[in-house]
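Take the sequence and the model together and follow one residue outward from its loop. The overall fold comes after that.

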Amino acid sequence: MVIEYCGHTYLHEKIYEECKKYTKWSASHEASKFSDELKFRLTTLSGASMDRWEYLEKTRYPSKPSEYWWTVPQEEDFPTIHKFMKVFPEYANPVVSKLGINCEVPPHDHGPQHQWLFNMSINEPEGSKTVIGDTVIPYKPGDIYKLYVHNNHYVLNGNEIRYHVLFRGGRYTESNRSH
């Protein structure tokens, strides 16, 4: 299994408006300038420890400018995400991604250990495609999927800026393995 559909939220339209208004994004090619909280959330999204940050900074974030940004959504800027998490506490430690028009997130995985994270689509520009393993994820705005990110995955964006919210998942151990 590479994905599981978890549901849909109609709050995506409000979150989309909050994303468009927000101006304090952290550029992915400037990982050395990320806040400690952003480093922590990105590193631990699928259950890794902070020991993995140095590896991610060297290999995962480009050194040349790219149109890929991140933020830790604070309640004053993203009240709708926080409202969602209060109703659905299984979704925690969010980061919001912003991907430029016709840009890509190159193929990658999060390591060999079985692991997952949750990904909420805020908008799906025309021509966008998210692939994990051999599966094209049929995202519609507001859809939430559990992604098994030990599988290779990538994103090709379409004709407008794309926003997604990633929530912390985890890693399988012998005691919690369900697959």
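Is Pro73 buried or exposed? The model is a predicted one, and in this model the place to start is the loop between strand E3 and helix H4, where Pro73 lies. The relative accessible area of Pro73 is 2%. Buried means under 20%, so Pro73 counts as buried.

The surroundings of Pro73 show what covers this position. Leaving aside residues up to four places away in sequence, Pro73 touches Arg41, Phe78, Ile81, His82, Pro94, Val95 and Val96. One of these partners can be placed by distance: Val96 is 23 residues from Pro73 in sequence, yet their C-alpha atoms are 6.6 Å apart in space.

Two of the partners, Ile81 and His82, lead into helix H4. This helix covers residues 79-87, and its buried residues are Thr80, Ile81, His82, Phe84 and Met85. An α-helix has 3.6 residues a turn, so residues three or four places apart point the same way. The buried residues of H4 pack against helix H1 (12-21) and against strands E4, E6 (115-121), E9 and E11 (162-171).

From here the view widens to the nonpolar interior. The largest nonpolar core has 25 residues, and Trp70 and Leu147 have the most contacts inside it. Helices H2 (36-44) and H3 (53-59) each give two or more residues to this core, as do strands E3 (68-71), E4 (95-99) and E9 (143-147). A second core, separate from that one, has 24 residues, among them Cys19, Met85, Tyr91 and Tyr163. Met85 is also one of the buried residues of H4. In soluble globular proteins, nonpolar side chains tend to be buried together.

The whole chain can now be described. The protein has four helices and eleven strands. Its radius of gyration is 15 Å, close to the 16 Å that the globule rule gives for 179 residues, so the protein is as compact as a globular protein of that length. Along the principal axes, the C-alpha trace spans about 45 × 35 × 30 Å. Of the contacts with a separation of 6 or more, 80% are between residues 24 or more positions apart.

As for the surface, 51% of the 179 residues count as buried. The protein exposes about 9200 Å², and carbon and sulfur atoms supply 51% of that area. There are 21 positive and 23 negative side chains, and the centres of the two sets lie 1 Å apart.

Note on methods: Residues numbered from 1 in each chain as written. Predicted model: local features only at pLDDT ≥ 70, side-chain atom pairs only at ≥ 80, totals over all residues. Heavy atoms only, no water. Rg over C-alpha atoms; globule rule 2.2 N^0.38 Å. Buried < 20%, exposed > 50% of the residue type's maximum accessible area, 1.4 Å probe, protein only. Contact = heavy atoms within 4.5 Å. Areas by Shrake-Rupley, 256 points an atom, 1.4 Å probe, with all protein chains shown as cover. Lys, Arg positive; Asp, Glu negative; His and termini not counted. Charge placed at Lys NZ, Arg CZ, Asp CG, Glu CD. Core = buried A, V, L, I, M, F, W, Y, C linked by side-chain atoms within 4.5 Å.
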